[in-house]
Structure formats: structure tokens, C-alpha cells
Amino acid sequence: MPHILANRIAAALAVTVAAGFAQAGDLHVSAAASLTNAFTDIARSYEARHPNTKVLLNFGASGALLQQMAKGAPADVFASADAETMDAAAKQNLIANGERRNFARNSLVVIVPRDSRLAIKRLQDLAQPQVGKLAIGNPASVPAGRYTQHALAAARLWQPLAGKAINTQSVRQSLDYVARGEVDAGFVYGTDAVLMQDKVKVAFAVPLDVAIDYPIARTATAADAAETKRFVDFVLSPAGQAVLAKYGFLKQ
């Protein structure tokens, strides 16, 4: 009996150790919703090069991801769609000191349904009576929404258009609303617009006096600093940058 018990204990320990090794190879990456397609490809390429590592992706509005991290959600790498959210992460000591790097840029555009006949060529045109609902990311948590607010405020249109605004929880939700024809127009990133060219079209590029930078950093709670650095370096490498360019992201 003691021999059988010892074997069972050894077997249980073996399973526990094996599970520990499996978990040790997991890399948790929280990234802005607009990075969904690009980071899915980047993760696949990274895993092909490092088969012992499994990249677990978590996408959402940058502000929502920040809140998740602040509440203890697992994250080794954080990639946001704006500098402001990463600044907030730094102030809350959620990212490692001195390891923040910009890895891509984007543009802000106004899109309309593919079959739309509205004459929209500039921000002022959105005030036309025939333009009804506008999909705008919630500025409180969606970087694209903050860029939109900044552009409209500069054009003195933020308040005049407030009654038309439909706040969304991510830039991809804004894209979906326009694609389904639930709104007359929406503000999204240029990279989002190209994903549904069969359902939406770009009306015009939104003028901005600030750059839409995408920063990435190792989190303060990263389980494996070396592995995390290797992933961040891959995003910044020619291979990673080629994937980003494929999806329309601009170089720094």
C-alpha cells in the first residue's frame, strides 16, 4: 500500500510540474482592438519561431485593457493605441520602467456605408441635416474616440454634433455599425477601414495636429522578462513591421 501511495503521489507531482512548465510557456499580450488582425499574425509567426511559447492574445479598447490590468488581469505585454493610455499605465506602475517603445502609427478617417450617397468630404459636412447617426468611440476609454473629440473640438463641432453621436466601446464596434448601415458615418482608424472595403468606404481623412502613435511595453508583473523582451523586439523587427505594414500601419 505505501508503495502504491508513493506512486500516486509521484504521478500527481509529475502532472503538476508538467502543468507548471506549460504555463511557464504562456505569454499574455493585451493589445488595442485595432491591432487584432496584425497581432494575430505576429503571434502566429512568433510561435513558429519559438514553438515552446504560446502567445495568449487579449484585445479590447486600450482604456478597458488598462482597467483589466489594474484589477490584476494577467498581462506580460501591453500595446495601446495611444500615448495617453500608456502614460496612465506608467503612472499606475503597471509597466516596467524604461521599456516603453513606439512601434507603429495610424491615421483617423471618416467612413460611410459602401452604398452611401451622402456628400461628405470634410468634418463640417457631418453637420448636414441628412447626416444622422455618427459612430464615435467613447473618449473615456477608446483612443480613437479621444482623437475624434480632439479633431471635432478643434473644428468647433464637438458640441454641435453631440446629438448625433453613438458612443461605441471600441473602434471595431464603430466599424461594424457603419458596415451594417446602423449609422450614417463613423470615425475609425485607416487600418480598420481597409478590412471591410466591400461594406464601407473612406469619405475623408481627418486632419489631426497630433500623431497617432502605438506604444508597447513589458508590464510590471511580466512572468518572464526575457521572453517578454523577445516578443517586443519581434514586433519592432523587420518581420514584425512587415506584418504591420501589410495591415496598413505606418512606420515610426
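**Figure 1. R156, a loop residue with an unusual backbone angle.** In this predicted model, R156 sits in the loop that links α5 (143–154) to β7 (165–168). Look at its backbone: phi of R156 is near 60°, a positive value, and R156 is not a glycine. What makes that worth a close-up? Most residues other than glycine have a negative phi. Is R156 buried or exposed? Its relative accessibility is 76%, so R156 counts as exposed.

**Figure 2. N93, another loop residue with a positive phi.** N93 belongs to the loop between α4 (83–91) and β4 (101–106). Its phi is about 60°, which is positive even though N93 is not a glycine. N93 has a relative accessible area of 58%, and because exposed means over 50%, N93 goes in the exposed group.

**Figure 3. Helices α8 and α9 crossing.** Two packed helices are described by the angle between their axes and the distance between the axes. Here α8 covers residues 225–236 and α9 covers residues 238–246. Their axes come within 4 Å and cross at roughly 55°, so α8 is oblique to α9. Which residues make the contact? On the α8 side they are F234, V235 and L236, while α9 brings P238, A239, G240, Q241 and L244. Sort the residues of this contact by type and you get 6 nonpolar, 2 polar and no charged.

**Figure 4. Helices α3 and α4 side by side.** This pair of helices has axes that come within 10 Å and cross at roughly 10°. Angles under 35 degrees count as roughly parallel, so α3 is roughly parallel to α4. From α3, the contact uses S62, G63 and L66; from α4, it uses T85, A88 and A89. How do these residues divide by type? There are 3 nonpolar, 3 polar and no charged.

**Figure 5. S62, a buried residue in α3.** S62 is part of helix α3, which covers residues 62–70. With a relative accessibility of just 2%, S62 counts as buried, because the cut-off for buried is under 20%. What does S62 touch, if you skip residues up to four places away in sequence? The list is A32, F78, S80, A81, D82, T85, S141 and P143. You met T85 in the previous figure, as one of the α4 residues in the contact with α3.

**Figure 6. M86, a buried residue in α4.** Now move to helix α4, where M86 is found. Its relative accessibility is 0%, so M86 counts as buried. Skipping neighbours within four places in sequence, M86 is in contact with F78, S80, I95, R100, P215, I216 and A217. To get a feel for distances, pick out L56 too: M86 and L56 are 30 residues apart in sequence, and 20 Å apart in space from C-alpha to C-alpha.

**Figure 7. L35 and the nonpolar cores.** In soluble globular proteins, nonpolar side chains tend to be buried together. The largest nonpolar core here has 61 residues, and L35, F39, F103, L126, F231 and L244 are the ones that touch the most other members. Take L35: leaving out neighbours within four places in sequence, L35 is in contact with T40, F59, A79, F103, Y214, L244 and F249. There is also a second, separate core of 10 residues, including A75, F78, I95 and A217. Of these, F78, I95 and A217 also appear among the contacts of M86.

**Figure 8. D224, just ahead of α8.** D224 lies in the loop between β10 (212–218) and α8. Is D224 buried, exposed or partly exposed? The relative accessibility of D224 is 35%, so D224 counts as partly exposed. For a second distance check, find Q67: D224 and Q67 are 157 residues apart along the chain, and their C-alpha atoms are separated by 22 Å.

**Figure 9. Stepping back to the whole protein.** The close-ups come from a protein with 9 helices and 10 strands. Its C-alpha trace spans about 85 × 35 × 35 Å along the principal axes. How much of the protein is buried? Buried residues make up 46% of the 252 residues. The accessible surface comes to about 12,500 Å², and 54% of that surface belongs to carbon and sulfur atoms. Among contacts with a separation of 6 or more, 79% are between residues 24 or more positions apart.

Notes: Residues are numbered from 1 along each chain as its sequence is written. This is a predicted model: local features need pLDDT of at least 70, side-chain atom pairs count only at pLDDT 80 or more; totals for chains, interfaces and linings use all residues. Side-chain values use heavy atoms; hydrogens and water are left out. Axes are lines fitted to C-alpha atoms, for helices over the stretch in contact, and angles run from 0 to 180 degrees between N-to-C directions. Helices (H or I, at least four residues) and strands (E, at least two) are DSSP runs, numbered from the N terminus. Angles under 35 degrees count as roughly parallel, over 145 as roughly antiparallel, 65 to 115 as roughly perpendicular and the rest as oblique. Contact means heavy atoms within 4.5 Å. Ala, Val, Leu, Ile, Met, Phe, Trp, Tyr, Cys and Pro count as nonpolar, Asp, Glu, Lys and Arg as charged, and the others, Gly among them, as polar. Buried means under 20% relative accessible area, exposed over 50%, partly exposed in between (1.4 Å probe, protein chains only). Accessible areas come from the Shrake-Rupley method with a 1.4 Å probe; for residues, only the protein chains shown count as cover. A nonpolar core is a set of buried Ala, Val, Leu, Ile, Met, Phe, Trp, Tyr and Cys residues joined through side-chain atoms within 4.5 Å.
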